[in-house]
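Me: Please take a close look at the surroundings of the second ligand, including the secondary structure that forms them. After that, set this part beside the rest of the chain.

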Amino acid sequence: MHFSAYTLLALAALQSASATLQVVPGATWTASNGAHLQAHGGGIIEVGGTYYLVGEDKTNGSAFQNVNCYSSTDLVQWHYEGALLSVTTSGDLGPSRVIERPKVIYNDKTRKYVLWMHVDSSSYGEAKVGVATGDTVCGRYTYQGSFQPLDHQSRDTSLFKDDDGAAYLLSEDRANGLRIMRLTDDYLAVANSTYLWPDHIEAPAVVKVQGRYYMFGSHLTGWDANDNVVSSSTSLSSGWTPWATFADVGSKTYTSQTNYILQYGDTVVYLGDRWVSTNLKASTYVWLPLNISGTSVSMTNHAAWVPPSGREAQQTVYTSSTAVLASGARNVDCSACSGSKAAGYIGGPSHGTATFTFDFTAAAGTANDLTTLVVRYGVSETSGRLGTVRVNDGAPIQVAFLRGSSSGNIGQSVLTVRLNSGTNKLEFGGVGDAYGPDIDTIQVPSN
Ligand SMILES: *[C@@H]1O[C@H](CO)[C@@H](O)[C@H](O)[C@H]1NC(C)=O
Ligand SMILES: *[C@@H]1O[C@H](CO)[C@@H](O)[C@H](O)[C@H]1NC(C)=O
Ligand SMILES: *[C@@H]1O[C@H](CO)[C@@H](O)[C@H](O)[C@H]1NC(C)=O
């Protein structure tokens, strides 16, 4: 077989491009629109190698605003595509309504994308499902209406599409337990009941791996996290194993609640929400690789990991004491920061900057490398802050910084940039005359 020089270069670029992209659970994830990803309680549908993340927009709190859609080819960089559904003046999608856990599957026969979601009043008294359809995965959807599936209460929901094209609604029925229900062939209604667990489990998600079905879910503790559980079977209608924990016991699933389970290459990825009930828009995403083998399911926590391999990322840390501060930026006290100092007064009316200079070794054969960096910062306002970063004197990129949730309001934000092999310069600034975050460290992957 003959490879041209061009093909070899392209292959090398592809491998190195993925080698330094990282998933950082619990961090601020800035999408292409310059804001933290608003796709809570969501799910992913893959179409032609692109992953579409569909979830709840919590920008203005718990009431329904939008069902948002983002796309990615690497699970790290997310492009904001738009809203599938938005708030209307009245009805199911009107003001002060609850629309949660939207999930999309594709119907091969009708060639429609079908969206199911939990539809409720603000007191959660209606307990219904709603259905909408779309002609394209991330276009506008047409709302079809709501009902109680087979006349049962339904709050947390999800969908599962099997290899044979049969699709199922997963539904938490407060009176009876957790249900699997078969959808009609057009996926627009519920046909019949497949299985009922008498246990109170919500946040359901099913994945099929090597002929075995795995149902993940959480206990019922509201917005607070608990130790989520899994049950598995080779049949959807019988033989389910007893519920068992899969993350470290007592970790409350690393402070998260199941929202979806994704097959990504050979890796099965747990997608969870880390809800911030007092500031829902600042809720983050805890995505981690699962270790599944027969009836055994486990999940280890990682500060950052590299898809698709799932291996833990190694980082070199540069503290703010190595940064050059200019135009009014200066050191501020920060007890939870390294050396108890952070780079403060970044941005603002005098447009203060903090510039980090560091070495980076790109993978062999590549001139520059697409790389995820982690910024550790402090922001105390509920609204969070925005900042900019310029890489090697390039154009400023807007980055979001949610209010930090750990002690001292410390948080982490990720950015994906192209670095040179050799010396690189990263300059942090503000947006307009507003102040950016107080910066503690940047973390650069060490190859
Ligand atoms: C949030 O509320 C503001 C003020 O009412 C409004 O302008 C904005 O469009 C809302 N955002 C979303 C995502 O609903
Ligand atoms: C359940 O509904 C599906 C889809 O309509 C149908 O194929 C199947 O035969 C039904 N099963 C039972 C037990 O009625
Ligand atoms: C995955 O789980 C199996 C037990 O089923 C264990 O032997 C193995 O070490 C685990 N692998 C990783 C990478 O944690």
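Reply: Strands, here, are DSSP runs of E of at least two residues (helices are runs of H or I of at least four), numbered from the N terminus. The model is a predicted one, in which local features need pLDDT of at least 70 and side-chain atom pairs count only at pLDDT 80 or more, while totals for chains, interfaces and linings use all residues. Residues are numbered from 1 along each chain as its sequence is written, chains are lettered from A and ligands numbered from 1 in the order written, and side-chain values use heavy atoms, without hydrogens or water.

The shell around ligand 2 consists of Arg182, Leu183, Ala191 and Asn192 (a residue belongs if one of its heavy atoms lies within 4 Å). Taken alone, ligand 2 exposes 360 Å², and the protein buries 38% of that area (Shrake-Rupley method, 1.4 Å probe). One approach can be singled out: a polar side-chain atom of Asn192 is found 2.4 Å from an oxygen atom of ligand 2. As for secondary structure, strand 12, residues 177-183, and strand 13, residues 190-197, each contribute at least two residues to this shell.

Both of these strands belong to an open sheet of four strands, whose order is 10-11-12-13 and whose pairing is antiparallel (two strands pair if DSSP finds at least two bridges between them). Strand 10 (157-161) and strand 13 form the edges of this sheet, each pairing on one side only, and from one strand to the next the twist averages 25° (axes are lines fitted to C-alpha atoms, with angles from 0 to 180 degrees between N-to-C directions). Strand 13, which helps to surround ligand 2, is therefore a strand with a partner on one side only. Strand 12 is joined by six bridges to strand 11, residues 167-173, and the two run antiparallel; here Glu172 stands opposite Leu178 of strand 12.

For the setting, a second region can be described in a similar way. Ligand 1 has Asp57, Thr59, Asn60, Gln65 and Asn66 around it, and the protein covers 34% of the 360 Å² of accessible area that ligand 1 has on its own. There is also an open sheet of four strands in the order 2-3-4-5, again with antiparallel pairing. Its edge strands are strand 2 (40-47) and strand 5, each of which pairs on one side only, and the average twist from one strand to the next is 25°. Within this sheet, strand 3, residues 50-56, runs antiparallel to strand 4 and is joined to strand 4 by six bridges, with Gly55 standing opposite Asn68 of strand 4.

Strand 4 also takes part in a covalent link. The structure holds two disulfides (pairs of cysteine sulfur atoms within 2.5 Å), one of which is formed by Cys69 and Cys138, with their sulfur atoms 1.8 Å apart. This pair connects distant parts of the chain, 69 residues apart: Cys69 lies in strand 4 (residues 66-72), and Cys138 lies in the loop between strand 8 (128-134) and strand 9 (142-147). The link of Cys69 and Cys138 is left-handed, with -50° about the S-S bond.

Two backbone details, both placed in loops, complete the account. Leu75 has a positive phi of about 70° although it is not a glycine, and its place is in the loop between strand 4 and strand 5 (79-86). The peptide bond from Pro307 to Pro308 is cis, with omega near 0°, and Pro308 is found in the loop between strand 22 (305-306) and strand 23 (311-312).

Terms used:
A polar contact is a pair of N or O atoms within 3.5 Å; within protein, one must be able to donate a hydrogen and the other to accept it, and residues adjacent in sequence count only if both atoms are side-chain atoms.
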